[in-house]
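Open the model in a viewer and keep the selection panel at hand. The tour goes from one selection to the next and says what is there.

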Amino acid sequence: MSSQPGKIESSSLLQLTALRFRLFLREPEAVFWTFVFPILLAVGLGLAFRNRPADVLQVAATTPKLTAALAADRGLTATTLDAAAGAKALATGHIVLLAVATPTGISYEYDDTNPDARTARLLADRAVEGAAGQVARVAAENRLVHEVGSRYIDFVVPGLLGMNLMGPAIWGMGFAIVEARQKKLLKRMVASPMPKWQYLASFILSRLVMLAVEVGVFLGFAAVAFQVPFRGSLWELGLICLLASLSFSALGLLTASRAKTMEAANGLMNLVMLPMWILSGVFFSSSRFPAAIQPFVQALPLTAAIDALRGNMLQGLNLGQMWAPMAILLAWMVVPFAVSLRIFRWR
Amino acid sequence: MPDAMDKGSRNGSTLVLRNLRKTYADVVAVDGIDLEVAKGECFGLLGPNGAGKTTTIEICEGLTDPDAGGTVELLGLNWKAHAAELRQRIGLQLQETQFPEKATVEEMIGLFRSFFHKGIAVEESIRTAQLEEKRKSRVGGLSGGQKQRLAMACALVGDPELLFLDEPTTGLDPQARRHLWDLVDDLKKAGRTIILTTHYMDEAERLCDRVAIMDHGKIIALGTPAQLIASVGGEHIVEFALHGDSALNTGALLAIEGIGSHRVDAGLHQLSVSELHVAVPAIFAAIAAQGLTLSEFRTHSASLEDVFVGLTGRNLRDE
């Protein structure tokens with residue numbers, strides 16, 4: 001009557017973890033939010049904030065000679081128009097500046113409240129003086145900065161990664177546990193000989209495996225599509241992701257440790273995550289918030305995670321140089337775990 | 001029922017409850033229960049909703065702590081000292097467990113199998129619960145009866161010596177109930193000790209060797225279904241109603257040979273009767289002698305329902 005299944009089959013931790021996986025993969029929405037959404041977001045932001053070439057400004061002049069002088073500047077394209085046509089083009093915004101040749105020199109017509117027009121006025125001056133053979137009084141050199149690593153996409157990718165470490169960890173833990181409690185499955189599980197620690201460990205194990213896939217896919221995409229830099233050690237980057245994911249899992253466990261209904265759990269999770277979405281510097285630097293709330297902002301786990309990710313990816317810092325955010329993450333892992341294990345409601 | 005209690009202790013009891021109490025805030029859910037269940041017995045806790053059946057069975061299952069002073073002993077062990085061993089040796093099915101909708105039958109049984117050091121093969125458990133055709137189906141696609149049989153399969157997979165079933169057929173349609181009864185019959189034949197709760201009298205009569213009737217946290221009757229039914233004072237129940245607002249002299253009826261008791265509820269008179277063929281003509285005669293006419297008359301075999309009504313004056317399903 002009794003049978004001895006194989007060792008792998010009989011490992012309850014493995015069975016629990018496998019079940020977590022299967023249930024996750026059978027929820028198309030969860031798969032979308034975890035794997036596809038962050039990539040779509042990165043693509044959208046990459047398109048919106050792509051670096052465009054410097055604008056070439058449209059100007060016009062009343063004589064061909066003046067037109068040629070203006071067109072010699074790379075920042076301007078010039079056409080020849082008579083005074084009346086030029087005035088009309090200026091009024092309708094087709095050109096931002098009209099150079100009228102006068103017996104004594106040049107008269108510029110433009111709107112000085114329009115920054116493009118003021119730029120065109122300065123460029124026109126330079127072009128006309130250059131054409132007249134005048135030398136620049138002060139030798140100056142321009143160095144243009146379009147460097148990889150200082151673009152918005154470089155800034156936002158670690159932010160999105162941090163956000164994506166947080167969401168699935170908290171939701172994945174919170175919803176699944178509270179649903180099991182609400183449906184009395186948790187009670188059924190503790191009524192069986194299942195070791196309780198294995199139930200919680202199965203969540204963390206399945207999260208870590210998915211984490212490897214998620215982070216790999218997202219960063220791989222960011223590297224290929226946007227050439228986002230990876231200046232720090234990849235091992236350390238992995239370690240930061242691991243620590244951040246464990247802290248967020250601990251926080252998810254804490255939000256799920258007492259709640260009896262999905263509504264209560266949802267409210268709690270939003271309460272926990274909303275301040276971090278706003279304050280932790282996903283889309284813009286968290287240093288923009290007033291000094292008075294900075295201690296609070298800096299103590300949030302998502303702020304610490306994103307600081308560490310940016311430090312590693314963009315500045316190439318090592319873990320020793322980022323001990324402060326790492327210590328904050330470590331504290332956010334240990335304290336919520338310890339508290340949740342004490343207050344966890346198994347039925 | 002002292003003789004029933006003795007039967008338990010002689011065979012070496014599988015479950016012994018002594019002075020079991022459980023109080024929640026101001027509600028006394030279980031109010032001093034003493035009980036012994038023998039090895040191989042199928043024992044029923046019967047009572048209306050709120051009688052304390054589930055609290056009692058969950059204390060036995062180690063899910064709820066009893067108030068101080070009460071003791072629970074299962075298989076000679078107790079929850080304080082031997083929880084891990086007991087979890088390995090008992091099987092249970094709770095009242096309202098919902099397994100994850102997207103998990104399959106096979107996966108859930110395999111999961112529960114992995115918790116037990118020894119037990120039956122997943123295959124065998126699927127076969128016992130007659131879920132062969134549903135093996136790959138997701139829980140969300142199962143009928144109520146199939147879900148209940150899955151819960152049974154998960155309870156059986158550790159090959160338990162003692163099995164707890166909390167209202168196993170509540171909410172099932174009649175066919176699914178009979179199907180589950182057959183399954184419990186098979187388990188009884190295999191010699192397992194089963195403790196089940198139910199508020200269906202017919203279920204208790206059909207399945208249980210012995211029954212404890214519970215009301216307001218107390219056991220108000222204990223014995224085999226036959227003993228309990230005999231305690232009503234007759235094997236049959238006669239029910240009748242009279243035309244008009246007639247006053248009936250019950251003394252004349254109770255004087256009839258073989259009539260055990262009389263009660264009246266909303267104009268419906270009930271008599272417990274041992275021999276119908278003798279008593280019925282006498283009842284007709286007595287009513288006619290009083291110048292009364294019948295508007296209704298029927299008889300049925302006495303059931304545990306009548307035991308409950310006789311003891312509490314209430315119907316089980318009123319609750």
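Start with chain B of this predicted model and select strands β1, β2 and β4. They form an open sheet of 3 strands in the order β2-β1-β4, with antiparallel pairing. Next, colour β2 (27–38) and β4 (71–74) of chain B: these stand at the edges, and each has a single partner strand, so one side of each is left without a neighbour in the sheet. Looking across the sheet, the twist from one strand to the next averages 15°.

Now select β1 of chain B, residues 13–24, together with β4(B). The two run antiparallel and are joined by 4 bridges. To see a bridge pair, pick B:Leu15, whose partner in β4(B) is B:Leu74.

Add helix α2 of chain B, residues 53–60. This helix packs on the sheet and touches β1, β2 and β4 of chain B. The direction of α2(B) makes about 125° with that of β1(B).

Then show both chains. Here 23 residues of chain A are in contact with 27 residues of chain B. On the chain A side, select α2 (12–25) and α8 (185–190), which each supply at least two residues of the side that touches chain B. The largest share, 6 residues, comes from α2(A). Colour that side of chain A by residue type: 9 residues are nonpolar, 7 polar and 7 charged.

Finish with chain A as a whole. Its domain assignment gives domain 1 as 7–49 + 148–343 and domain 2 as 57–131. Select each domain in turn: the C-alpha centres of domain 1 and domain 2 of chain A lie 56 Å apart.

How values were computed:
Residues numbered from 1 in each chain as written. Chains lettered and ligands numbered in written order. Predicted model: local features only at pLDDT ≥ 70, side-chain atom pairs only at ≥ 80, totals over all residues. Domains from an automatic or database assignment. Pairing = 2+ DSSP bridges. Axes fitted to C-alpha atoms, helices over the stretch in contact; angles between N-to-C directions. Contact = placed C-beta atoms within 7 Å. Nonpolar A, V, L, I, M, F, W, Y, C, P; charged D, E, K, R; others polar.
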